[in-house]
Amino acid sequence: MKEKFTIVTSTCVPLPLENVDTDQIIPARFLKATTREGFGDNLFRDWRYDKAGNPNPDFVLNQNTYKGEILVAGKNFGSGSSREHAAWAIAGYGFRVVVSSFFADIFKNNSMNNGLVPVVVSPEFLAEIFASVEADPKATLTVNLPAQTITNNATGKTESFDINAYKKDCLVNGLDDIDYLLANKEKIETFERGRR
Amino acid sequence: MSKTLFEKIWEKHVVDTLPDGTIQFYIDRLFCHEVTSPQAFAGLRARGLKPFRPEQITCMPDHNIPTLHQEKPIEDPVSKNQVDTLEKNAKDFSLTYYGLQHPKNGIIHVVGPETGLTQPGMTIVCGDSHTSTHGAMGTIAFGIGTSEVEMTLATQCIMQRKPKTMRITIDGKRKPGVTAKDFALYIISKMTTGGATGYFVEYAGEAIRNTTMEERLTICNLSIEMGARGGMIAPDQVTFDYLKDREFAPRGEAWEKKLAEWRELYSDPDASFDKEIVFHAEDIDPMVTYGTNPGMGMGIRESIPAMESVDEAGRISYKKSLDYMGFTAGEPIMGKKIDYVFLGSCTNGRIEDFRAFASLVKGKKKADDVIVWLVPGSWQVERQIRAEGIDKVLTDAGFELRQPGCSACLAMNEDKVPAGKYAVSTSNRNFEGRQGPGARTILAGPLVAAAAAVTGKITDPRDLM
């Protein structure tokens with residue numbers, strides 16, 4: 001059973017870059033672990049720390065100004081490698097939502113399989129979030145998964161977002177695909193018999 | 001009703017459809033490597049389960065292994081633990097395992113096709129985005145996350161949404177000196193890195209039909225770099241000739257029966273795609289990338305696009321990218337000095353890539369100040385390099401061959417390009433730090449790599465041919 005996701009209201013961390021790939025989210029040399037834990041420490045490793053391992057003061061995660069459970073990023077977030085470690089790193093750091101105008105497919109699936117909700121908003125709505133957070137780092141967003149809405153509380157504007165009913169049900173109830181598949185094993189055996 | 005190639009295979013693998021359209025999707029073959037599988041096996045154990053169909057699963061380490069002295073124990077204890085964990089998992093659950101030094105070890109996406117484990121009409125998954133490679137043989141093949149690896153281990157199924165379909169046609173005839181990698185980099189440069197997200201792509205057209213099997217593997221391999229769920233090419237005589245008599249290919253009567261099925265795997269003439277794109281082979285030159293994603297590519301004789309040509313929301317990223325590469329918008333790339341050359345990876349680590357590289361360096365000498373890593377995609381490729389005497393050509397020109405693995409493509413092992421150095425690489429990604437922290441990657445095909453290896457700079461291979 002995973003953590004259930006219903007409504008999250010939080011300040012957010014802005015990352016207004018496009019095409020943030022999974023090698024930036026978690027570089028390959030940190031993929032050597034055999035467990036799911038600890039990847040949050042190396043989230044955005046090469047942007048967050050310099051070569052000597054000291055925090056880079058210009059990077060948003062090292063600035064006290066921006067905190068929260070929601071990461072907001074430019075379009076095509078999570079492109080590249082299928083490494084689920086990227087979702088583990090973001091969730092492990094403490095984020096519960098990633099907002100962008102466009103996500104790479106595999107990253108989106110991996111996120112939802114780890115209780116991390118990818119929220120797709122329009123480019124205009126995204127630009128407004130960046131503007132609101134720049135004007136006031138305390139500005140909050142509310143993500144209501146059952147209602148499939150996201151609200152920029154600084155402007156009062158709300159947008160609805162898409163998520164398929166099956167995945168939403170899993171996230172809201174803290175279930176995963178394996179629970180479902182194991183309950184349907186008989187169908188798999190019937191299918192296999194049918195193709196012989 | 002007329003169907004696309006994708007739909008024909010997809011429909012044969014639907015176990016169940018949920019009310020919201022989510023599909024319980026059956027997987028014929030699962031490949032596991034050491035990096036994205038340990039947590040899946042741990043999950044399986046935690047639930048007290050065993051692999052549901054062990055005979056449909058093949059495991060081999062490739063990502064995190066050294067490319068020198070594989071006969072000795074792996075030095076890095078963390079890497080060693082990851083490889084040992086895969087071996088233990090395979091042994092504990094009686095799964096096929098091709099470990100280090102095994103004659104069938106290599107990069108999964110090289111080994112699958114060359115052993116005949118990959119066959120038309122199959123569905124294939126692996127915890128690796130370049131699983132799209134196998135689509136070249138007329139399969140539905142795509143990368144998955146570790147949770148989905150666990151699902152496949154446990155039930156041989158995953159939960160999927162049906163992607164949209166796209167056909168990319170390349171018509172016409174290709175120019176001399178242009179490789180399959182150039183086709184792919186050209187397509188991605190036009191599509192951008194997110195341009196095919198949500199789609200499953202079929203490649204078609206005269207120029208695609210006229211490719212070899214290995215060239216098709218290169219093209220489908222790079223489908224993920226434009227965001228596509230996967231890429232595929234309808235199997236034809238090229239595919240069947242390649243597959244026949246491979247170790248795991250069916251034989252005798254079984255071959256004839258399968259062949260009849262495979263001959264039905266094509267998009268019906270009036271089948272419709274959600275999106276159609278057409279390119280012309282005559283427009284494609286040897287390609288290079290100049291930025292930090294594979295969509296930032298251009299013909300080798302072109303100049304890096306001006307800042308004004310980039311849309312406003314993307315300019316911060318564009319500037320960051322060029323700053324990282326040490327390039328200036330508007331300048332040409334020909335003649336730039338480079339430091340490293342990497343020939344290998346699931347994209348360009350096959351025998352034809354080594355033949356192409358060797359054909360260009362034959363009778364020439366490696367440039368003195370360039371470090372060159374030549375890494376075969378598998379031991380089978382390595383054996384063939386020796387059998388054909390290509391190793392001799394390479395040695396005479398001052399090169400040495402390493403041992404198979406993913407190597408400098410993602411630099412998980414020791415094969416890292418130092419910060420600030422330029423690498424001409426036949427791999428698939430030029431992301432920041434991909435080939436080592438601070439490394440600057442220029443993606444290209446095997447001929448451009450060969451030209452760089454003998455001149456020490458970005459050189460149009462056609463000038464040396």
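**Exercise 1. Salt bridges, overall and within one helix**

How many salt bridges does the structure hold over all chains? Which residue forms a salt bridge with B:Lys88, and in which helix do B:Lys88 and B:Asp92 lie?

*Solution.*
- Start with the total. Over all chains, this predicted model holds 45 salt bridges.
- Take one case. B:Lys88 forms a salt bridge with B:Asp92.
- Check the distance. The closest N and O atoms of this pair are 2.6 Å apart, and the cut-off is 4 Å.
- Place the pair. Both B:Lys88 and B:Asp92 lie in helix α3 of chain B, residues 77-92.
- Note the spacing. B:Lys88 and B:Asp92 are four residues apart, about one turn of the helix.

**Exercise 2. The interface of chains A and B**

Describe the contact between chain A and chain B, from residue counts to a single pair.

*Solution.*
- Count residues. Chain A brings 54 residues into contact with 68 residues of chain B.
- Add the area. About 4900 Å² is buried between chain A and chain B, and carbon and sulfur atoms give 55% of that.
- Turn to charged pairs. Eight salt bridges are found across this interface.
- Inspect one of them. B:Asp28 pairs with A:Arg195 in a salt bridge, with the closest N and O atoms 3.1 Å apart.
- Widen to polar contacts. Across the interface of chain A and chain B, 33 residue pairs are in polar contact, both residues being at pLDDT 80 or more.
- Map the helices on the side of chain A that touches chain B. Those that each supply at least two residues include α3 (85-93), α4 (105-112), α6 (165-173), α7 (177-183) and α8 (185-194) of chain A.
- Sort the residues on that side of chain A. They divide into 19 nonpolar, 15 polar and 20 charged.

**Exercise 3. The sheet of chain A**

What is the strand order of the open sheet of seven strands in chain A, and which are its edge strands?

*Solution.*
- Read the order. It is β4-β3-β2-β1-β5-β6-β7 of chain A, and the pairing is mixed.
- Find the edges. β4 (117-120) and β7 (157-160) of chain A each pair on one side only.
- Gauge the twist. Neighbouring strands are turned by 30 degrees against each other on average, direction ignored.
- Zoom in on one pair. Strands β1 (residues 7-15) and β2 (residues 70-73) of chain A run parallel and are joined by four bridges.
- Pick a position. A:Val13 stands opposite A:Leu71 in β2 of chain A.
- Add a helix. α5 (residues 123-135) of chain A lies across several strands, among them β1, β2 and β7 of chain A, and runs at about 40 degrees to β6 of chain A.

**Exercise 4. A sheet of chain B**

Which strands form the edges of the open sheet β16-β15-β17-β18 of chain B, and which helices pack on the sheet?

*Solution.*
- Set the frame. Four strands form this sheet of chain B, with parallel pairing.
- Name the edges. They are β16 (371-374) and β18 (440-443) of chain B.
- Gauge the twist. It averages 20 degrees from one strand to the next.
- Follow an inner pair. Three bridges join β15 (residues 340-343) to β17 (residues 422-425) of chain B. B:Phe342 has B:Ser425 as its bridge partner in β17 of chain B.
- Add helix α13 (residues 351-361) of chain B. It touches β15 and β16 of chain B, its direction making about 140 degrees with that of β15.
- Add helix α16 (residues 446-455) of chain B. It touches β15, β16 and β17 of chain B, at about 145 degrees to the direction of β15.

Key
Residues numbered from 1 in each chain as written. Chains lettered and ligands numbered in written order. Predicted model: local features only at pLDDT ≥ 70, side-chain atom pairs only at ≥ 80, totals over all residues. Heavy atoms only, no water. Contact = heavy atoms within 4.5 Å. Buried area = accessible area lost by both parts, 1.4 Å probe. Salt bridge = Lys/Arg side-chain N within 4 Å of Asp/Glu carboxyl O. Polar contact = N/O pair within 3.5 Å; in protein donor to acceptor, adjacent residues only side chain to side chain. Nonpolar A, V, L, I, M, F, W, Y, C, P; charged D, E, K, R; others polar. Pairing = 2+ DSSP bridges. Axes fitted to C-alpha atoms, helices over the stretch in contact; angles between N-to-C directions.
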